Amino acid sequence: MKVLDLQCHNQHVFEGWFASEDDFLDQCGRALVECPVCGDGSISKRLSAPRLNLGGGRGEPSPAPDVARPDGAEQALQLAWMAMARRIVANTDDVGDRFAEEARKIHYGEVKERGIRGHASRAEAESLIEEGISVMPLSLPAALKGQLQ
């Protein structure tokens, strides 16, 4: 198993586990690797320093070189974002491309009020806002929408 330090275009840092370097490249080529924070598919490998045990009992192992990692505040922010995103997914119904239609039904009392999420074009979102319907654009990573392996 190969553990890689990865980074998306938005500078979010995360770990990825792959069977091999070729497996990583293959999954990237098929757009299967995305940032767990923002869903960005533009992923690059970061410099990582593997620790190898090559000798049996030759004293203390030398520490791995210092590799740039997100600081504590950045990690806390990423964890808070992921927790909030999971709560949103757990407490809303995914209505997909019917978002604008469902939002109107809820707003006008045609169906029971509930939290929804889905997809709307910019024009649909602007139209909803003009009608007085509150909407908020929010990009949720696809990994949060299904079960993780």
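Helices here are DSSP runs of H or I with at least four residues, strands are runs of E with at least two, and both are numbered from the N terminus. With that in hand, we can walk through the model, which is a predicted one.

Let's start with the overall layout. The chain has five helices and five strands, and read from the N terminus its elements follow the order β-β-α-β-α-β-α-β-α-α. Of its 149 residues, 26% count as buried.

A good place to stop next is the second largest pocket. Rolling a probe the size of a water molecule over the atoms reveals where empty space remains. The second largest pocket holds about 720 Å³ of space, and 27 residues line it. If you want to find its centre on your screen, look for Phe 99, Ile 116, Arg 117, Gly 118 and Met 136, the lining residues that lie nearest to it. Three elements each give at least two residues to this lining: α3 (99-107), β5 (116-118) and α4 (122-130). Helix α3 makes the largest contribution, with four residues. As for chemistry, the lining of the second largest pocket is made up of 14 nonpolar, seven polar and six charged residues.

Helix α3 deserves a longer look, since it also takes part in salt bridges. The structure holds 10 of these in total. Within α3, the side chains of Lys 105 and Glu 102 form one, at 3.8 Å from N to O. The two residues are three positions apart in the helix, which is about one turn. Their surroundings can be described by relative accessible area, where under 20% means buried and over 50% means exposed. Lys 105 has a relative accessibility of 25%, so this residue counts as partly exposed. Glu 102, in contrast, has a value of 6% and is therefore buried.

Glu 102 has another partner as well. Arg 114 forms a salt bridge with Glu 102, and their closest N and O atoms are 3.0 Å apart. This pair links distant parts of the chain, as Arg 114 sits in the loop between α3 and β5 while Glu 102 belongs to helix α3, 12 residues away. Arg 114 is partly exposed, at 30% relative accessible area.

A further salt bridge from the helix joins the side chains of Arg 104 and Glu 131, at 2.8 Å from N to O. Arg 104 lies in helix α3 and Glu 131 in the loop between α4 and α5 (142-145), so this contact ties together parts of the chain that are 27 residues apart in sequence. Both ends of the pair are partly exposed: Arg 104 has a relative accessibility of 24%, and Glu 131 has a relative accessible area of 29%. Salt bridges with shared partners also build a network, which joins Asp 93, Arg 98, Glu 101, Glu 102, Lys 105 and Arg 114.

To finish the tour, turn to the N terminus. Here Met 1, Val 3 and Trp 17 make a nonpolar surface patch of about 380 Å². Val 3 belongs to strand β1, which spans residues 2-8. With a relative accessible area of 35%, Val 3 is partly exposed. Patch residues need over 30% relative accessible area and no salt bridge, so the 35% of Val 3 is over that cut-off.

Technical notes:
Residues numbered from 1 in each chain as written. Predicted model: local features only at pLDDT ≥ 70, side-chain atom pairs only at ≥ 80, totals over all residues. Heavy atoms only, no water. 1 Å grid on protein atoms, 1.4 Å probe; cavity = no way out; pocket = protein on both sides within 12 Å on 5 of 7 lines; lining within 4 Å. Points joined across faces, edges and corners; volume = space filled by probe spheres on them. Nonpolar A, V, L, I, M, F, W, Y, C, P; charged D, E, K, R; others polar. Patch = residues over 30% accessible without salt bridge, like charges linked within 9 Å, V, L, I, M, F, W, Y side chains within 5 Å. Areas by Shrake-Rupley, 256 points an atom, 1.4 Å probe, with all protein chains shown as cover. Salt bridge = Lys/Arg side-chain N within 4 Å of Asp/Glu carboxyl O. Buried < 20%, exposed > 50% of the residue type's maximum accessible area, 1.4 Å probe, protein only.
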